[in-house]
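Student: I should like a close look at a single part of this structure, namely one sheet together with whatever packs against it. Please describe how that part is built, and follow its contacts outward as far as they lead.

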Amino acid sequence: MSACRHEDKGGVGSVGAWPYRLPMTTGGGIQGTLDDLGTPLADVTFVVVDLETTGGSPAECGITEIGAVKVRGGELLGEFGTLVDPGTPIPPFITVLTGITEQMVMAAPRIDTVLPAFLEFARGCVLVAHNAPFDTGFLRAACAAGGYAWPGFPVVDTADLARRVLTRDEVPNCKLGTLARFFRATTEPCHRALDDARATVDVLHGLIERLGSFGVSSLEEVKTFAKAPTPEQQRKRHLADGLPSAPGVYVFEDVRGEILYVGKSTDLRSRVRSYFTASETRRRVREMVGVAERVRPIVCATGLEAEIRELRLIAQHKPRYNRRSRHPERSIWLKLTVEPFPRLSVVRECRDDRAAYLGPFPSARLAEEARAAVHDAVPLRQCTQRLTLRLIERGHARTCALADIGRCGSPCDGREPLDTYEGHVTLARAVMEGDTRPVVAAAQSRIDRLAVELRYEEAGEQRDRLAAFIRAAARCQRLTALAACAELVAARPGFDGGWELAVVRYGRLAAAGTVPPHTRTPGSVRPYVDAVIATAETVFPAPGPAGNASAEEMECVLRWLESPGVRLVELDGVWSCPVNGAEGMRQRIDRAYAGPGPTAAAERRTGRPLH
């Protein structure tokens, strides 16, 4: 654990050539120029700061390390560096990334002790950080939690400056490591706060040298330069002309009509105009704006319809500038196969074969963990061979070692008869479709035994298996319940006093509409409801929990249905979740994995996994 270090060297030490020099005089006064307006960059004291944290959310995660370097005019004035006890467990992937372990921060000061010293170190300076909103967000949250007023530092973001002054031909991206190599920084970033801050100092000096070619030589000009839209953005502002101020989807297209980017908004005109202002700093999107030649609006009745249309358009056209939801067909499922001796298989699609499905999973790894959790509770065979009665009778089936250790009844050599194995299949189907108690009980028993034996890492693995299964089961049961309803009509209060209407058929949004404000009586509302139902899309049942819609689309519908004020107008079917389903257990799992809290603190003190 490194102690808090605060050095002030009074301008001793050089950290690189400074591209700007102070004006020199020869005795009397000199005539000022326009370049003298504002604060010259050579006179600005910068505090370059970097943080290491336990995660990405200031509300839920803590700071594990602070590193800061104070420079002025190319001279090193001081450094500040310390580990910080975040008060919460450090996730394993954070430890792998940064090398900071819980043992290292156990004796470190808490943030309420470190923060006053850092604020004093940075007082009166300009804060600089790479991806500054991340670091300043954590510092602001720490100030609010400790009762300190945020000093209102001027902030310079080196990532934002790099996007403005460097081209893609020079650097493929604006990550700190890439920029440090480009500017030949003397310190290599390594996800440790002080080293990253030192590397950012060299990047800052390299960027300031580049700013000189743009005529930027003062702090005020740097701020204005960072906020100004690019010439390409200014040239394309006319693309937002004529767009309606209504909810809907906007589609950026190139000169050939190819879809480049799809987005949604409650106000199409305002949202599209923001792409041509300085508020849009994403490098990829700025590149898209340079290629785009037109913006096509698709007006929607409600925000829900806009959200669903966006998902469908992205899945259909797969625009190259959209990053999310481009391949919903690549969902991963856990399937109980349909054969004489069924087994659990990881698949990428749901078929109409009367099989039981669980999912979808975000990754194949989580699907494997969920499968392991089911295998711990139900002794299904784990081999991949296609097992038939004729193969068993002839003795041609391959055997494995799982039967010898009691993990399989060995139906492959006839030791477990078909009717006994069918009992396991029935239990597995019940576990996947409704009653999760057998899996929870088996996992709880194993976790308790491992905890008593002080095998906490193995107990944590069992907990992760259970969490993967429970979360997938809860999601699957919610999707299955909605997809089973032939028709569901719901209404939600609108912001203008009217109502938003949605018609959902077999889990798919079939129609959306609105009821104007001041329509109070049921008799006056009913014609609008009937009109939306009459124009709704015809939808037929489909295999799998998600039916005719993607899982992401159904999640959007479910969030809308569960929002405050929603009322069911009509329901053809039964919309419910199993009594012994996974939803209740999922809430316990989420609380166990949540950030700071009494349970998490107890786990950190004892070293025992949550269970």
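Tutor: In this predicted model, the part to begin with is an open sheet of 4 strands, ordered β15-β14-β13-β16 and paired in antiparallel fashion. Its edges are formed by β15 (508-515) and β16 (567-572), each of which has a pairing partner on one side only. From one strand to the next, the twist averages 15°. At the β16 edge, β13 (residues 487-493) and β16 run antiparallel and are joined by 5 bridges. Within these two strands, glutamate 487 of β13 stands opposite aspartate 572 of β16. Helix α12 (residues 303-317) packs on this sheet, where it touches β14 (499-505) and β15, and its direction makes about 150° with that of β15. A second helix, α19, lies across β13, β14 and β15 and runs at about 50° to β13.

The two helices on the sheet also pack on each other. The axes of α12 and α19 are 10 Å apart, and the packing angle is about 170°. Since an angle over 145 degrees counts as roughly antiparallel, α12 is described as roughly antiparallel to α19. On the α12 side, the contact is made by Leu304, Glu307, Ile308, Leu311 and Arg312, which meet Glu552, Glu553, Cys556, Val557, Arg559 and Trp560 of α19. By class, the residues of this contact divide into 6 nonpolar and 5 charged, with no polar residue.

Helix α19 (residues 551-561) has a further helical neighbour in α17 (residues 456-483): the axes come within 10 Å and cross at roughly 80°. An angle of 65 to 115 degrees counts as roughly perpendicular, and α17 and α19 are therefore roughly perpendicular to each other. The contact brings Arg475, Arg478, Leu479, Leu482 and Ala483 of α17 against Ala551, Glu552, Met554, Glu555, Val557, Leu558 and Leu561 of α19. It comprises 8 nonpolar and 4 charged residues, and no polar ones. Glu552 and Val557 of α19 appear in this contact and also in the contact with α12.

Helix α12 leads in turn to another sheet. It lies across β7, β8 and β9, running at about 165° to β8. These strands make an open sheet of 3 strands in the order β8-β7-β9, again with antiparallel pairing. Here β8 and β9 (294-299) are the edge strands, each pairing on one side only, and the twist averages 20° from one strand to the next. Strand β7 has 6 bridges to β8 and 6 bridges to β9. Valine 249 illustrates this arrangement, since its bridge partner in β8 is lysine 264, while in β9 its bridge partner is isoleucine 298. The hairpin of β7 and β8 has 5 residues between the strands, and in it glycine 257 takes a positive phi near 90°. Although β8 (residues 259-265) is an edge strand, 6 of its 7 residues are buried, so it is largely enclosed by the rest of the structure.

The aromatic side chains complete the account of this second sheet. The structure holds 12 aromatic pairs. One of them joins phenylalanine 252 to tyrosine 261 in an edge-to-face arrangement, 6.4 Å centre to centre and with 65° between the planes. Both residues are buried: phenylalanine 252 has a relative accessible area of 0%, and tyrosine 261 counts as buried at 11%. Phenylalanine 252 also pairs with phenylalanine 276; their centres lie 6.5 Å apart and their planes are at 55°, so this pair is tilted. The pair links distant parts of the chain, as phenylalanine 252 belongs to β7 (residues 248-253), whereas phenylalanine 276, 24 residues away, lies in the loop between α10 (268-274) and α11 (283-291). Phenylalanine 276 is likewise buried, with a relative accessible area of 1%. Together with Tyr250 and Tyr275, the residues Phe252, Tyr261 and Phe276 form one aromatic cluster.

In summary, α12 packs on the sheet by touching β14 and β15, lies across β7, β8 and β9, and packs with α19 at an angle of about 170°.

Key: Residues numbered from 1 in each chain as written. Predicted model: local features only at pLDDT ≥ 70, side-chain atom pairs only at ≥ 80, totals over all residues. Heavy atoms only, no water. Axes fitted to C-alpha atoms, helices over the stretch in contact; angles between N-to-C directions. Parallel < 35°, antiparallel > 145°, perpendicular 65-115°, else oblique. Contact = heavy atoms within 4.5 Å. Nonpolar A, V, L, I, M, F, W, Y, C, P; charged D, E, K, R; others polar. Pairing = 2+ DSSP bridges. Phe/Tyr/Trp six-rings, centres within 6.5 Å; stacked < 30°, edge-to-face > 60°. Buried < 20%, exposed > 50% of the residue type's maximum accessible area, 1.4 Å probe, protein only.
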